[in-house]
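This report goes through selected features of one protein model. Please look at the sequence and the structure before reading on.

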Amino acid sequence: MKIIKWGIIGCGNVTEVKSGPAFQKIPNSALVAVMRRDATLAEDYAKRHNVPKWYSKAEDLINDPEVDAVYIATPPSSHKEYTILCAKAGKPVYVEKPMALTFEECNEMISACKEHNVPLFVAYYRRALPRFLKIKEIIDEGKLGNIRHVNCVLYHPFEERYDDEINLPWTVLPHISGGGIFVDLACHTLDFLDFVLGPIKSVRGHATSQLLAYPAEDSVSMSFLFENGIHGSGIWNFASFERYDNTEIVGDKGKISFSTFGNDPIHVQYANGEKESIAIENPLHIQQPFIETVVAELLGQEGVSPSKGTSGARTTWVIDEVLKEFRNSKS
């Protein structure tokens, strides 16, 4: 059976444990090349992870004949550029989330991959994690009845690393990330809701900077409506006194609540008073179950990967809608 030989563009922190090792541990998959603009760091990563090749230019990795498929693990500002280069080279793309800076960029990526007949996968890996598949199973089996509404709450305290305006992390620089911590984190929750409840068709909301500590938003409130009539609401704030992470999906026969991040138990409550607590820990290499679905699809095995360019773009559209007014105020 063929082995899918991977190259990574942007071998930074996210690839150290979450994703990178998975490409080497999955059957019929191998990591053969990595790239980082700093050649010294690329070489260091390659040697520590037993990767035979390293590059300082993305084009060199993409054009390497031994690289079959490319994982783009750079900030969102370069996702479109590298995806289009991979598409033109005829190489399947696995791109980090959020998929791109804007919905428009997502569509350009989708079009390029379609034109060159190249698969496009987006790293919304919760669609393959056992913990989140259990949530989907409970909903799909009708244990909660007809789903009526969803409520999402995520807040964090302000972190010192965001208090240095000269050395701000790229995650709060909109020209690199597309927005702030909301964009970086909320996309996971919004994509999972798309996965279990279907597409969101309407979004209303507000985004502001309450602390004025960095150019991006630090507080977002929104309401949304799914195509199937389910209502949703959410609050994301990154200037609060503590961390709190909870999403609640409510039906006419019960409700389920869970955190998007971490390994907290899933809580289920039914109309008859029964309660259930389900503990499912995430794997060490948290992207591995999803990458397994990508490798399987590329090898033509049974099943398809659950996160593609079209679904990833829908989440970026939701983010664009809620940030539209805030972005316009900054332009």
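The text below covers the annotated domain, some backbone features, a charged patch and one buried residue.

The model is predicted, so local features need pLDDT of at least 70 and side-chain atom pairs count only at pLDDT 80 or more, while totals for chains, interfaces and linings use all residues. Residues are numbered from 1 along each chain as its sequence is written, and side-chain values use heavy atoms, with hydrogens and water left out.

**Annotated domain**

An unreviewed UniProt entry places the feature "domain: Gfo/Idh/MocA-like oxidoreductase N-terminal" at residues 4-124. Such annotations may be inferred rather than shown by experiment. Over residues 4-124 the chain is 35% helix and 21% strand. Helices (H or I, at least four residues) and strands (E, at least two) are DSSP runs, numbered from the N terminus. The end C-alpha atoms of this stretch are 20 Å apart.

**Backbone features**

A cis peptide bond, with omega about -15°, joins K97 and P98. P98 lies in the loop between β5 (93-95) and α5 (103-115).

Two residues that are not glycine have a positive phi: N117 and L212. The table gives their places and accessibility. Exposed means over 50% relative accessible area, buried under 20%, and partly exposed in between (1.4 Å probe, protein chains only).

| Residue | Phi | Loop | Relative accessibility |
|---|---|---|---|
| N117 | about 55° | between α5 and β6 (120-122) | 70%, exposed |
| L212 | near 55° | between β8 (200-208) and β9 (219-226) | 69%, exposed |

**A patch of negative charge**

Which residues gather in a patch of negative charge on the surface? They are E160, D163, D164 and E165. A patch is made of residues with over 30% relative accessible area and no salt bridge, with like charges joined within 9 Å. A salt bridge is a side-chain nitrogen of Lys or Arg within 4 Å of a carboxyl oxygen of Asp or Glu. Asp and Glu count as negative. D164 is found in the loop between β7 (147-155) and α7 (174-177). D164 counts as partly exposed because its relative accessibility is 31%.

**A buried loop residue**

Is S259 buried or exposed? S259 is buried, because its relative accessible area is 3%. S259 is found in the loop between β12 (254-258) and β13 (266-270). S259 and S209 are 50 residues apart along the chain, and their C-alpha atoms are separated by 24 Å.

Definitions and conventions. Patch = residues over 30% accessible without salt bridge, like charges linked within 9 Å, V, L, I, M, F, W, Y side chains within 5 Å. Areas by Shrake-Rupley, 256 points an atom, 1.4 Å probe, with all protein chains shown as cover. Charge placed at Lys NZ, Arg CZ, Asp CG, Glu CD.
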